[in-house]
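Student: I should like a close look at one part of this model, namely its salt bridges and the helices and loops that surround them. Please set the account within the chain as a whole.

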Amino acid sequence: GQPLGPRRLSQKPVPKLPNMEAFLSDALVKLKKQARGCLAPELCLQAVRACTQQPFAAGVRRERELFGVLLGSGQAEALQYLFFAERAMHRWATATGASWQRAVPQPVRTAAVIGLGTMGRGIVTSLVKAKIPVVALEQDGECLSAGRRAVMTLLEREAVKMEQGAPALDFRDPGRLRFAVDLSALADVDLVIEAVFEDMQLKKDIFRKLSKVCKPGALLCTNTSALSIDEIASATSRPQQVLGTHFFSPAHVMRLVEIIYGQHTAPSAIATAVQLAKVLRKVGVVVGNCFGFVGNRMMFPYLQQAVFLLEEGSRAEEVDQVLEDFGFKIGPFRMSDLAGLDVGWRSRKGQGLTGASLPAGTPPRQRQGRRYSPLPDLLCEQGRFGQKAGRGWYLYERAGGRAARPDPWLHSFLYHYRDAHGIPARAISPEEILERCLFALINEGFAILAEGIAAGPEHLD
């Protein structure tokens, strides 16, 4: 018995809010923070604003104009390129002649993760979310208890985030997730991912034991971020079953997995890792074996330029701001704090760039005839390991905290460092910051392609 009134949405008036302009301005501020450098979200908001100010037909015209701006933009072209590049990653090929067309993946019905540090916890969470039963292993009861608590906390958070109507995340069932301290618990798993810290002898020792404990067909994967897959594989009796599966931190969030093949890695092992990445809803990129592979190898000169900029007069927050405004989700110094400064420090000590193995009389700011900055090493010597320690390039409210704020201690430290080394501080423009960091990435990318470590530029991108 009620009158129908106008049925078409276009004929209905837009409700007037007394604070409409303030509401939209606040929304724009939030949006610019979340979608740094991206055109589309901002233009979407302009289209919404038009509907509050103009009649329907005029609003639609405005929306079409904004869409035309996006359609002809470099960002649209780049996003389309990225869309197809990501979907082409399953069509992999290696420098040794193996390819996706002839390799058949092995089924992965059960998996194991060794080491429940930051990376291991994230990998366990990813496997559980993909409904692959997991055995999580630590070296002793104390580490296992701490690891178990951290994994359960992560899984509880993920369960809350899952969409309504999705099947519940069943992680309390021992058939789904089991914790152990004895390697014999891995006797029947199809795939093992080792995620202990970056120490070649430790990793080789683990792989030596795995090759005795695991069933013959099991894949033995290492989450190393830089170490040689071939050297790790040399500790086993089955180098054809060894490969790198390098996740990025935090592993349950980041979509990239570098799949690194060694000299002897079987094509079926590569195919299995690519298939696993797909099941985990990640992008698996197959690359060759060299120090740092692709992701970290490109990151080294990028981070190096960022630190050189600090030496010359910039501040960590300025460098991060420029790169985040350009479109990076996180600047180099915030990223280093998140990953842990001690990871790179351990790697540099292993390479003989710092620490006890550094020859006496080595110039503090030069290694192997090239410029070197000891700043990250000096921070680590002060126990400044990043978020986990509550202080790194930034200061945090507590150990494990996430809210980064500029640290007056670091500003003072840099002043004294420059003074001690006779480096005159200068004002550095945002353009110089951006170009030096980006060109370092790009140049390393060209070197990687020239060496055949990646099959094509899409893999790097």
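Tutor: What follows moves from the whole chain to the salt bridges, and then to selected helices and backbone features.

The model is a predicted one. Its protein chain contains 17 helices and 10 strands, and the C-alpha atoms fill a box of roughly 80 × 65 × 45 Å along the principal axes. Of the 461 residues, 45% are buried. Among contacts with a separation of 6 or more, 66% are between residues 24 or more positions apart.

As to the salt bridges, a pair is counted when a side-chain nitrogen of Lys or Arg lies within 4 Å of a carboxyl oxygen of Asp or Glu. By this rule the chain has 27 salt bridges. Side chains of opposite charge can pair when their charged atoms come close. Three pairs merit individual description.

The pair E231 and K204 has its closest N and O atoms 3.4 Å apart. Since E231 belongs to helix α8 (residues 229-233) and K204 to helix α7 (residues 200-213), this salt bridge ties together parts that are 27 residues apart in sequence. The two partners fall into separate accessibility classes: E231 is partly exposed, because its relative accessibility is 34%, while K204 is buried, because its value is 14%.

The side chains of R384 and D407 form a salt bridge with an N to O distance of 2.4 Å. R384 and D407 both lie in the loop between α14 (375-381) and α15 (408-421), so their pairing ties together parts that are 23 residues apart in sequence. Both of these residues are buried.

R436 and E432 supply the third pair, with the closest N and O atoms 2.9 Å apart. Both residues are in helix α16 (residues 430-450), where a spacing of four residues separates them by about one helical turn. An α-helix has 3.6 residues a turn, so residues three or four places apart point the same way. E432 counts as partly exposed because its relative accessibility is 22%. Salt bridges with shared partners join R436 and E432 to E311, E312, R365, R371 and R426 in one network.

Charged residues also take part in the packing of two helices earlier in the chain. Helix α1 (residues 20-34) and helix α2 (residues 39-53) pack with their axes 10 Å apart, at an angle of about 175°. Because of that angle, α1 is roughly antiparallel to α2. On the α1 side the contact is made by M20, E21, L24, S25, A27, L28, L31 and K32, and on the α2 side by P41, E42, L45, V48, R49, T52 and Q53. By class, the residues of this contact comprise eight nonpolar, three polar and four charged. One of the contributors from α2, R49, is buried because its relative accessibility is 17%. Beyond its neighbours within four places in sequence, R49 is in contact with E21, L24 and S25.

Two further helices are related by packing. Helix α5 (residues 118-129) has 12 residues and spans 17 Å from first to last C-alpha, close to the expected 16 Å. It is mostly covered, with nine of its 12 residues buried; these are M119, G120, G122, I123, V124, T125, S126, L127 and V128. Helix α6 (residues 141-161) has 21 residues and reaches 30 Å, close to the 30 Å expected. The buried residues in α6 are L144, G147, V151, M152, L154, L155 and E158, and the buried residues of this helix pack against α5, β2 (134-137) and β3 (177-180).

The backbone also has several features of note. Most residues other than glycine have a negative phi, and most peptide bonds are trans. K131, which follows α5, has a positive phi near 65°. This residue lies in the loop between α5 and β2 and is partly exposed because its relative accessible area is 40%. Q368, likewise not a glycine, has a positive phi of about 50°. Q368 is placed in the loop between β9 (366-367) and β10 (370-371), and it counts as exposed because its relative accessibility is 71%. The peptide bond from S249 to P250 is cis, with omega near -10°. P250 is located in the loop between β6 (242-247) and β7 (256-261).

Notes. Residues numbered from 1 in each chain as written. Predicted model: local features only at pLDDT ≥ 70, side-chain atom pairs only at ≥ 80, totals over all residues. Heavy atoms only, no water. Axes fitted to C-alpha atoms, helices over the stretch in contact; angles between N-to-C directions. Helix = DSSP H or I, 4+ residues; strand = E, 2+ residues; numbered from the N terminus. Parallel < 35°, antiparallel > 145°, perpendicular 65-115°, else oblique. Contact = heavy atoms within 4.5 Å. Nonpolar A, V, L, I, M, F, W, Y, C, P; charged D, E, K, R; others polar. Expected span 1.5 Å × (residues − 1). Buried < 20%, exposed > 50% of the residue type's maximum accessible area, 1.4 Å probe, protein only.
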